[in-house]
Amino acid sequence: MSPPLNHINTSSKPPASAEVVVIGGGIIGVFTAYYLAKRGVSVALVEKGRIGAEQSSRNWGWCRQQNRDARELPMATKSLDLWEQFAAESGEDTGFHRCGLLYLSNDEAEISGWASWRDFAKTAGVTTHMLSSREAAERGHATGRAWKGGVFSPSDGTADPGKAAPAVAAALIKLGGSVHQNCAARGIEMEGGRVSGVITEAGVIKTKTAVLAGGAWASSFCRQLGIRFPQATVRQSILSVSPVEHRLPDAVVSAGVSVTRRSDGRYALAISGSGNVDPTAQLLRFAPQFLPMFAKRWRNIRPGGLEGIRGGHETLARWRLDAPTPMERVRILDPRPNLPMIRKIQRRAVELLPQLREAKITHTWAGFIDSTPDGVPGIGEVPGVPGFILAAGFSGHGFGIGPGAGHLIADLASGGEPLFDPAPFRPERFSASAWGKVADF
Ligand SMILES: Cc1cc2nc3c(=O)[nH]c(=O)nc-3n(C[C@H](O)[C@H](O)[C@H](O)COP(=O)(O)OP(=O)(O)OC[C@H]3O[C@@H](n4cnc5c(N)ncnc54)[C@H](O)[C@@H]3O)c2cc1C
């Protein structure tokens with residue numbers, strides 16, 4: 001079952017040309033196109049299925065600075081301002097609000113890790129409050145339990161994944177950008193050594209700049225161009241339950257479970273860091289680069305099943321440009337949730353917040369979280385392919401940093417002054433020698 005998602009009407013026939021073509025209508029693609037349109041650049045966005053229907057509507061909705069990697073922190077901080085600015089300037093509702101995020105723990109090592117992060121974050125001007133055992137019990141009073149400690153990040157917040165990407169796409173259309181659903185990009189045309197067009201199922205869009213914001217499909221698309229982009233996906237299961245009478249925290253996480261209030265009063269429940277790794281040929285191909293990450297997370301990650309192969313997003317096949325591609329066969333990547341995991345999440349949520357006992361399950365779903373080997377996205381023009389900008393591998397953090405990332409990508413695509421230093425995100429960092437034409441293996 002897919003989670004709720006607002007729908008917008010668009011035409012599936014793209015224009016003959018655009019200054020920039022954005023491939024993929026998740027939160028990254030829509031914000032990129034929005035910031036391009038805002039500065040007067042003609043932009044066409046093509047989405048193989050529905051705007052926001054993959055990761056961008058399947059996530060928890062957390063927009064956080066808390067516990068961010070140093071490379072992403074400036075982008076996370078700026079994104080929070082941009083979420084607010086977007087609502088004010090567009091009049092569209094993404095459900096964003098700075099409700100603060102509450103972390104509760106009984107693990108001293110975890111609490112001291114948060115304290116170290118707080119000290120580092122202070123140097124970046126980010127305020128986060130460590131909670132003593134008494135303060136954690138007070139803030140987390142709905143749990144009715146004692147806690148060793150916690151942390152509260154007051155300036156962080158949540159947006160509504162069912163609303164956000166469609167809201168940004170609607171604003172983009174108002175600015176004159178064109179958006180095309182059910183329109184897959186099959187490949188890239190090159191002329192004189194640089195991008196000259198994007199080949200879609202509905203014809204070619206002539207352009208000098210293509211942005212690939214294709215989420216979990218990015219690596220297989222890159223492969224068609226001879227570009228090696230190490231990417232792996234983890235399938236996380238999640239559910240939502242009906243509103244309850246008691247007011248619970250808007251966003252709370254413990255080692256056992258996370259609970260997030262949606263704007264319609266439902267609660268989304270999940271387990272942080274948990275998931276299934278579904279074996280695919282692509283997973284085997286990049287396994288050596290991902291082993292350190294999987295080894296670090298082995299407690300929460302379990303081998304999966306055939307969902308990765310069923311999805312087709314990690315295919316190693318080369319496809320033809322004049323015939324339907326795997327992206328047209330699977331318009332929306334909608335993997336099956338792990339049902340024992342769903343039951344476990346619900347049980348743990350009721351243990352954490354007994355008031356949820358009365359809540360009914362409204363939706364269960366799963367999403368493939370696309371990651372890079374170092375857990376930070378790849379953003380930038382791919383060396384050797386002028387005009388082709390990669391923006392993928394958001395590693396479970398892309399929703400909250402969507403506005404900042406989209407702004408940066410729009411800066412790079414239009415030759416503007418970058419809002420942040422793009423160096424930490426350069427795609428070629430994964431392996432200098434790995435880029436360029438792929439050798440057979
Ligand atoms: C269960 C779960 C929980 C998460 N929780 C959080 C959270 O709390 N906070 C947070 O910040 N992040 C979270 N994330 C991560 C976040 O959702 C992603 O990082 C973010 O949505 C990525 O956005 P995207 O636009 O790159 O990808 P997507 O949203 O996956 O969008 C990519 C789009 O590209 C389209 N596409 C692909 N190939 C083509 C093509 N060739 N032609 C046309 N269209 C194409 C796809 O159809 C898709 O719509 C979570 C993710 C999951 C799954």
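This is a guided tour of a predicted model, taken one selection at a time.

Residues are numbered from 1 along each chain as its sequence is written. Because the model is predicted, local features need pLDDT of at least 70 and side-chain atom pairs count only at pLDDT 80 or more, while totals for chains, interfaces and linings use all residues.

**Stop 1: the core and helix α1**

Begin by selecting V30, V211, L269 and A391, which touch the most other members of the largest nonpolar core, a set of 121 residues. A nonpolar core here means buried Ala, Val, Leu, Ile, Met, Phe, Trp, Tyr and Cys residues joined through C-beta atoms within 7 Å. A residue counts as buried if 20 or more other C-beta atoms lie within 10 Å of its own, as exposed if 12 or fewer do, and as partly exposed in between, with C-beta atoms placed from the backbone. Next select residues 27-38, helix α1, which gives this core its largest share, nine residues. Helices (H or I, at least four residues) and strands (E, at least two) are DSSP runs numbered from the N terminus. Within α1, centre the view on V30: leaving aside neighbours within four places in sequence, V30 is in contact (C-beta atoms, placed from the backbone, within 7 Å) with G25, L45, I51, A165, V168, A169 and L172.

**Stop 2: the six-stranded sheet**

Now show the open sheet whose six strands follow the order β8-β2-β1-β12-β21-β20 with mixed pairing, where two strands pair if DSSP finds at least two bridges between them. At its edges stand β8 (178-180) and β20 (378-381), each with a single partner strand, so one side of each has no neighbour in the sheet. From one strand to the next the twist averages 15°. Inside the sheet, select residues 209-212 (β12) and 388-392 (β21), which pair in the parallel sense over three bridges, with I389 in β21 as the bridge partner of V211. Bring α1 back into view: this helix lies across β1 (20-23), β2 (43-46), β12 and β21, and runs at about 170° to β2. Axes are lines fitted to C-alpha atoms, for helices over the stretch in contact, and angles run from 0 to 180 degrees between N-to-C directions.

**Stop 3: α1 against α12**

Add residues 402-414, helix α12, which packs with α1 at an angle of about 50°, their axes 7 Å apart. The two helices are therefore oblique to each other, since angles under 35 degrees count as roughly parallel, over 145 as roughly antiparallel, 65 to 115 as roughly perpendicular and the rest as oblique. Residues that meet here include F31 and Y35 in α1, and H407 and I409 in α12.

**Stop 4: around β15**

Move to residues 258-261, strand β15, where S258 and T260 on one side and V259 and R261 on the other are all buried, so that both faces are covered. In a regular strand the side chains alternate between the two faces of the sheet. Strand β14 (residues 251-253) runs antiparallel to β15 and is joined to it by three bridges, with S258 as the bridge partner of V253. Strand β16 (residues 267-270) also pairs with β15 in the antiparallel sense, over four bridges, and A268 is the bridge partner of T260. In the hairpin of β15 and β16, which has five residues between the strands, look for G265 with its positive phi near 95°.

Definitions and conventions. Two residues are in contact if their C-beta atoms, placed from the backbone, lie within 7 Å.
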